[in-house]
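The following exercises are to be worked through with the sequence and coordinates at hand. Each task is followed by a solution in steps.

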Amino acid sequence: MPTLSVRAPLAWLGPGEVVRYAAVVAEDGVVVYAGHSAPAPPAERRIDVDGVLMPAVADRHVHIRLADPAAVLMGGVVAVRDLAWPADDIFALADASELPTFNGPIVRAAGPMLTAPGGYPTGDRWAPPGTGLEIRGVDEATRAVRMLSDRGAAAIKVSLNAEAGPTPTDAELAAIVETAHGLGLPVTVHPEGKGQVERALGAGVDELAHTPWSERLPDGVIQALARSVRIVSTLDIHSYGEITEDLRVAADNLSRFRAAGGTVVYGTDLGNGPIPPGIHVREALLLHEVVGMTNEEVLGAMVAGRLEAGGPADLIALGRNPLEELDALGDLRLVMRAGRVVLRRAELDTGSN
Ligand SMILES: [Zn+2]
């Protein structure tokens, strides 16, 4: 792969790092330089973008089989985490996504969601058989986590959806968390129904796969969450552009979580309703407008990492500055994954330099 230099009048390389007249140089899929263009090393190929460079986006909650991976990538999302799908299919896709020829984002997967017999999502229309893995007892819970770890799971997902059916017992939940942590895997939970967030907290889980929306959480619970758990936003699934009661409750919980110092990451639950593939601008706007995060905080919650030497050459360019107006995220000019240009729109390639 020839070395490639991408230049732009402005770049946001990550939180706190804005560079004017910037260059990012990539070699073999890896960034070898990111910073001011003057001292940038020469490259065999050069792309000039009249816009703003920034790291590409990661979506931490998707169901990628319900979407088009190529459209996700072309929409500026270079990495996704799939949080419930049948094991054989999703782990094969995750393996395939690591190949340079794969036309989509890199896929990390949880595999099936652990649940109680008959629990969510075993009876749900969106979920093919095998999307939920029913566990009966502590031994089965432990074995299930070990099996998923062996197959390459990036996280363990647990259904605590008490409104849709039975949920794993506290003993099973504790065994899941203990086994997962012993294997170095985080545990993420679908919390729905009264008291389920408290159960997740008590078991020591690492993440909530959704902002809790089914009840307003007491301040004490919010404080405890902020200390030990991160939250994947998924706000727009409650509204699809409308202001609904569920969105109001979720936004209130997430605002207080943020104010208490909690970590929010961007995730859309792609595949759940009319969420578009690629960067979902409305999810970003909700984080700013109803949760109160600054534009830079929102961008920080969306990217996989900084643009820096040694990191993957995963970047996007926008026609306008997202630090000033977040809806610039909808004005994509360039998408690059691992040094490969997958989308280019209205910019000038001046050839070699
Ligand atoms: Zn989901």
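**Exercise 1.** Locate Leu-183 and determine its exposure and its contacts.

*Solution.* Leu-183 sits in the loop between helix 4 (170-182) and strand 12 (187-192); helices (H or I, at least four residues) and strands (E, at least two) are DSSP runs, numbered from the N terminus. The model is a predicted one, in which local features need pLDDT of at least 70 and side-chain atom pairs count only at pLDDT 80 or more, whereas totals for chains, interfaces and linings use all residues. Residues are numbered from 1 along each chain as its sequence is written, and side-chain values use heavy atoms, with hydrogens and water left out.

Next, exposure: Leu-183 has 40% relative accessibility and counts as partly exposed, given that buried means under 20% relative accessible area, exposed over 50%, and partly exposed in between (1.4 Å probe, protein chains only).

Finally, contacts (heavy atoms within 4.5 Å): not counting residues up to four places away in sequence, Leu-183 touches Val-145, Arg-146 and Ser-149. The C-alpha atoms of Leu-183 and Val-145 are separated by 8.9 Å, at 38 residues apart along the chain.

**Exercise 2.** Identify the protein donors of the zinc ion and their spacing in sequence.

*Solution.* Donors are N, O and S atoms within 2.8 Å of the metal (3.2 Å for Na, K and Ca); water is not among the atoms, so sites may look incomplete. By this criterion the protein donors are His-61 (NE2), His-63 (NE2) and Asp-269 (OD), 2.0 to 2.2 Å from the zinc ion. Their spacing is H-x1-H-x205-D. Distant parts of the chain are thereby linked: His-61 belongs to strand 6 (residues 57-62), and Asp-269 to the loop between strand 15 (263-265) and helix 8 (281-289), 208 residues apart. His-61 is buried at a relative accessible area of 1%, and Asp-269 is buried at 4%.

**Exercise 3.** Examine the backbone at Tyr-21, Asp-269 and the bond joining Tyr-120 and Pro-121.

*Solution.* As a reference, most residues other than glycine have a negative phi, and most peptide bonds are trans. Tyr-21 has a positive phi, near 50°; this residue lies in strand 2 (residues 17-27) and is exposed, with a relative accessible area of 59%. For Asp-269, phi is also positive, near 65°. The peptide bond between Tyr-120 and Pro-121 is cis, with omega about 5°. Pro-121 is in the loop between strand 9 (113-115) and strand 10 (132-134).
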